[in-house]
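Please consider the arrangement of the structure shown below. The account begins at a metal site and then turns to the surrounding architecture.

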Amino acid sequence: MRNKRFLSFSALTAAFSLCLSGCAGSQEASVQEHTAELFAMGTYMNFTAYGEQADAALDEAVSHVEEWESLWSVTDENSEIYAANHSHGRPVPLSTETENLLRFALEMSGQTQGALDPTIYPLVSAWGFIDQEYRIPSDEEIQELLSLTGYEKVALENHAVTLPEGMQLDLGAAGKGYTGELLADHLKEQGVTSALLDIGGNIQMVGPKPDGTKWRLGIRNPFEDGSFGTLEAQDCAVVTSGGYERYFTGGDGTTYWHILDPATGRPADSDLASVTIIGDSGVLCDALSTAIFVMGLEEGIQCWETYGGFDMLLMTLDGEIYLTEGIEENFTPEEEFSEQTIHVMEA
Ligand code: AMP
Ligand code: MG
């Protein structure tokens, strides 16, 4: 079970922010720490890397992020995704990065039976999650816009994408994870052996901390400020999706969040409050955190049992914690959750 892999995609790659605790830890005095911060892809990014090569490597990392944002932005009129979204059925050539990310997102859409769907953009936009002009679309409008979605209608061939008239893409559910994965590869190529990249709550690590111990990540409590536990990890991605990241409260008193169920066109209404996926591939973790948030507990567990190749840490709306056996030893709940049964999922 455990060695099954999601698809055969190569090692391609949100959340209300994961809060980090003790990440910088106690490095040896001789190891230089370098940091970079930027706002891109609609979120704050914070990079920390160690060693002599880190300074120049981080400068390049920032340039890469700016470059990928300019390819994938839904609002930048010069981006490839903007061009695709205004192509009126004509093919739009794609860069290798965009093609890889879109191909992966489409494959994952198939594997998650459409829980992930990069064609959900018209609905994300109608609910106001792009321009922050939040509104509740009518049933009629939702039905009409749903006819403009469906990942299986996207044609990706000859390094170009063709969308039927009116359809639009949003790579927001997997783009930050892919960014983390590509940046980790870049840092490793530059000789960096220890780094922590916080991409708006998507965490990507290169190696362990400089002192050789694991990074300690606080996993955000979806119900209030602070974390519900600490996860120790190294050289992998840890990606969280949850409703608390972006949401609004409607006139009816209901909370509407930014992760939509492509089957209904409405905010996902599962029994999960937060989904954290841990794995080698940042893009896989990001795609799955969104998809499993939509699927809910039972289907999410089935997905893990079927494919494996990743670990997960789930918080239900009832405040129950579920985790896979691979991370049992690495997770410590906060005091207020320590009395509670932690459900361990075994393959
Ligand atoms: P994440 O924060 O990674 O869970 O991704 C959420 C973002 O992906 C949202 O802000 C939307 O832009 C987009 N999105 C929302 N629901 C879906 C979905 N079911 N499939 C694909 N993208 C989605
Ligand atoms: Mg995601």
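**From the magnesium site to the sheet**

In this predicted model, the magnesium ion (ligand 2) has as its protein donors A173 (O), D286 (O), D286 (OD) and T290 (OG1), which lie 2.0 to 2.4 Å from the ion. Along the chain, the donors of the magnesium ion (ligand 2) are spaced as A-x112-D-x3-T. D286 and T290 both belong to helix α7, and because they are 4 residues apart there, about one helical turn separates them.

The accessibility of these two donors may be considered next. D286 has a relative accessible area of 1% and is therefore buried, the cut-off for this class being under 20%. T290, at 12% relative accessibility, likewise counts as buried.

Helix α7, which spans residues 282-295, also leads to its packing partner. Two packed helices are described by the angle between their axes and the distance between the axes. For α7 and α8 the angle is about 135°, and the axes are 6 Å apart. The two helices are therefore oblique to each other, since this class takes the angles that are not roughly parallel, antiparallel or perpendicular. On the α7 side the contact is made by L288, I292 and M295, and on the α8 side by L297, E299, G300 and C303. Sorted by class, the residues in the contact of α7 with α8 are 5 nonpolar, 1 polar and 1 charged.

The sheet can now be described. It is open and consists of 9 strands in the order β2-β3-β7-β8-β11-β16-β17-β18-β20, and its pairing is mixed. At the edges stand β2 (33-40) and β20 (342-345); each has a single partner strand, so one side of each is left without a neighbour in the sheet. On average, neighbouring strands of this sheet are turned by 10° against each other, direction ignored.

Strands of a sheet pair through backbone hydrogen bonds, either parallel or antiparallel. The pairing of β2 with strand β3 (residues 43-50) is antiparallel and extends over 8 bridges. Within this pairing, A36 has F47 in β3 as its bridge partner.

Helices pack on this sheet as well. Helix α1 (residues 54-72) touches β2 and β3, and its direction makes about 10° with that of β2. Helix α8 (residues 297-307), already met as the partner of α7, packs on the sheet through contacts with β16 (272-279), β17 (311-316), β18 (321-324) and β20. The direction of α8 makes about 175° with that of β17.

Key:
Residues are numbered from 1 along each chain as its sequence is written. Chains are lettered from A and ligands numbered from 1 in the order in which they are written. This is a predicted model: local features need pLDDT of at least 70, side-chain atom pairs count only at pLDDT 80 or more; totals for chains, interfaces and linings use all residues. Side-chain values use heavy atoms; hydrogens and water are left out. Two strands pair if DSSP finds at least two bridges between them. Axes are lines fitted to C-alpha atoms, for helices over the stretch in contact, and angles run from 0 to 180 degrees between N-to-C directions. Contact means heavy atoms within 4.5 Å. Angles under 35 degrees count as roughly parallel, over 145 as roughly antiparallel, 65 to 115 as roughly perpendicular and the rest as oblique. Ala, Val, Leu, Ile, Met, Phe, Trp, Tyr, Cys and Pro count as nonpolar, Asp, Glu, Lys and Arg as charged, and the others, Gly among them, as polar. Donors are N, O and S atoms within 2.8 Å of the metal (3.2 Å for Na, K and Ca); water is not among the atoms, so sites may look incomplete. Buried means under 20% relative accessible area, exposed over 50%, partly exposed in between (1.4 Å probe, protein chains only).
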